[in-house]
Amino acid sequence: MVDTIKAHIIKTGKYGKLKYYVTPGALETLNGYVELPDYWEDGKEDDLNVYGGITFKGYLNDKGVNVQVIGFDTLHLDKPEKEWTIDDIERECRHLVDEINMLADNSQLKDWFLWQQDRKARSSLFY
């Protein structure tokens, strides 16, 4: 079962083509979530580099619409204490969008190289 968060959204923004959200977390902390693009491949979130790692994948209820997101929280006992602001969370969300786009670009580039290799292999059969 996929989780759906019905958290109070403090701030919503858009960076590139993806929306991001800031919500309150546990013990007066903040969480950040980024909308997943339609082309997202399951499992790729393990390759993303964001503060504390991806700690949520599921849906966030945005004004009655469930939006598929991945997110991070700022409550980590193994990290140095830092007072996270809404601006900090937005900056980390924008970084996460950049990571998502970079991973997608690398995946598309890999697909192109594989297609080129396959094309060369097929053409060598006929010449």
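A salt bridge is a side-chain nitrogen of Lys or Arg within 4 Å of a carboxyl oxygen of Asp or Glu. By that rule, Asp-42, Glu-45 and Lys-57 are linked in a network of salt bridges. The structure that holds this network is a predicted model, and the account below goes from its overall layout to these charged pairs and then to its nonpolar cores.

The protein chain has 127 residues, of which 37% count as buried. Its secondary structure consists of 6 strands and 1 helix. Read from the N terminus, the order of elements is β-β-β-β-β-β-α, with the helix, H1, covering residues 86-126. Among contacts in the chain with a separation of 6 or more, 55% are made by residues 24 or more positions apart. The accessible surface amounts to about 8,600 Å², and carbon and sulfur atoms account for 51% of that area.

Strand S5 is a useful place to start, as several of the features below involve it. S5 pairs with strand S6, residues 65-73, in the antiparallel sense, and the pairing runs over 7 bridges. Within this pairing, Lys-57 stands opposite Ile-70 in S6. The two strands form a hairpin with 2 residues between them, and there Lys-63 takes a positive phi near 55°.

Lys-57 also belongs to the network named at the start. Its side chain meets that of Asp-42 in a salt bridge, with 2.2 Å from N to O. This pair joins distant parts of the chain: Asp-42 is in the loop between strand S4 (30-35) and S5, while Lys-57 is in S5, 15 residues apart. A second salt bridge brings together the side chains of Lys-57 and Glu-45, at 3.4 Å from N to O. Here too distant parts of the chain are linked, with Glu-45 in the loop between S4 and S5 and Lys-57 in strand S5, 12 residues apart.

How accessible are the three members of the network, Asp-42, Lys-57 and Glu-45? Asp-42 has a relative accessibility of 64%, so it counts as exposed. Lys-57 has a relative accessible area of 27% and is therefore partly exposed. Glu-45 has a relative accessibility of 13%, so it counts as buried.

The whole structure contains 5 salt bridges. Another of them joins Lys-19 and Asp-62, whose closest N and O atoms are 2.9 Å apart. Lys-19 lies in strand S3 (residues 18-24) and Asp-62 in strand S5 (residues 56-62), so that the pair, 43 residues apart, links distant parts of the chain. Is each partner buried or partly exposed? Lys-19 is partly exposed because its relative accessible area is 29%, whereas Asp-62 is buried because its relative accessible area is 9%.

The nonpolar part of the structure comes next. The largest nonpolar core has 19 residues, and those that touch the most other members are Val-34, Leu-48, Ile-89, Leu-96 and Ile-100. S3, S4, S6 and helix H1 each supply at least two residues of this core. Which element gives the most to it? That element is H1, with 6 residues.

Leu-48 shows what the surroundings of one core member look like. Not counting residues up to four places away in sequence, Leu-48 touches Trp-40, Ile-54, Ile-70, Leu-96, Glu-99, Ile-100 and Leu-103. Apart from the largest core lies another core, of 7 residues, including Ile-9, Tyr-21, Leu-60 and Val-69.

Two loop residues complete the picture. Thr-29 is found in the loop between S3 and S4. With a relative accessible area of 14%, Thr-29 falls under the 20% limit and is therefore buried. Leaving aside neighbours within four places in sequence, Thr-29 is in contact with Thr-23, Pro-24, Thr-74 and Leu-75.

Lys-6 sits in another loop, between strand S1 (4-5) and strand S2 (11-15). The relative accessibility of Lys-6 is 71%, which is over the 50% limit, so Lys-6 counts as exposed. Lys-6 and Asn-66 are 60 residues apart along the chain, and their C-alpha atoms are separated by 9.2 Å.

Note on methods: Residues are numbered from 1 along each chain as its sequence is written. This is a predicted model: local features need pLDDT of at least 70, side-chain atom pairs count only at pLDDT 80 or more; totals for chains, interfaces and linings use all residues. Side-chain values use heavy atoms; hydrogens and water are left out. Helices (H or I, at least four residues) and strands (E, at least two) are DSSP runs, numbered from the N terminus. Buried means under 20% relative accessible area, exposed over 50%, partly exposed in between (1.4 Å probe, protein chains only). Contact means heavy atoms within 4.5 Å. Two strands pair if DSSP finds at least two bridges between them. Accessible areas come from the Shrake-Rupley method with a 1.4 Å probe; for residues, only the protein chains shown count as cover. A nonpolar core is a set of buried Ala, Val, Leu, Ile, Met, Phe, Trp, Tyr and Cys residues joined through side-chain atoms within 4.5 Å.
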